[in-house]
Amino acid sequence: MKFAVGAWQFWALLSATFAALTAIFAKVGIENINSDFATLIRTVVILGVLSAIIAANGQWQPLSS
């Protein structure tokens, strides 16, 4: 798994997958929600995923550093 995580192809495929999911969820899941609120939800999800990636790689550091 170490090789797959470091390869740019893995990250490109993951990015394409999430871009497709964003489009699908925009059409299906949040039809009757304000677009600003939908953007907030998407941003919170992205921050959560990014936090998990940073924590998994051990690169978390305090804001004061």
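This text goes through the fold, the pocket and the nonpolar surface of a predicted model.

The protein chain contains three helices and zero strands. Read from the N terminus, its elements follow the order α-α-α. The chain has 65 residues, and 3% of them count as buried. It exposes about 5,700 Å², of which carbon and sulfur atoms supply 71%.

The next feature is the largest pocket, with a volume of about 450 Å³. Its lining is made of 14 residues, and those closest to the pocket centre are Phe18, Thr22, Arg42, Val45 and Ile46. Helix 2, residues 8-28, and helix 3, residues 35-56, each supply at least two residues of this lining. Helix 3 gives the most, with eight residues. By residue type, the lining divides into twelve nonpolar residues, one polar and one charged.

The outer surface carries a nonpolar patch of about 730 Å². Trp11, Ile33, Phe37, Leu40, Ile41, Val44, Val45, Val49 and Ile53 make up this patch. Here too helix 3 is the main contributor, giving the most to the patch with seven residues. Val45 belongs to the patch, and Val45 is also among the residues closest to the centre of the largest pocket.

Ile53, another member of the patch, lies in helix 3. Is this residue buried, exposed or partly exposed? Its relative accessible area is 30%, so Ile53 counts as partly exposed, a class that lies between the buried limit of under 20% and the exposed limit of over 50%.

Notes: Residues numbered from 1 in each chain as written. Predicted model: local features only at pLDDT ≥ 70, side-chain atom pairs only at ≥ 80, totals over all residues. Heavy atoms only, no water. Helix = DSSP H or I, 4+ residues; strand = E, 2+ residues; numbered from the N terminus. Buried < 20%, exposed > 50% of the residue type's maximum accessible area, 1.4 Å probe, protein only. Areas by Shrake-Rupley, 256 points an atom, 1.4 Å probe, with all protein chains shown as cover. 1 Å grid on protein atoms, 1.4 Å probe; cavity = no way out; pocket = protein on both sides within 12 Å on 5 of 7 lines; lining within 4 Å. Points joined across faces, edges and corners; volume = space filled by probe spheres on them. Nonpolar A, V, L, I, M, F, W, Y, C, P; charged D, E, K, R; others polar. Patch = residues over 30% accessible without salt bridge, like charges linked within 9 Å, V, L, I, M, F, W, Y side chains within 5 Å. Salt bridge = Lys/Arg side-chain N within 4 Å of Asp/Glu carboxyl O.
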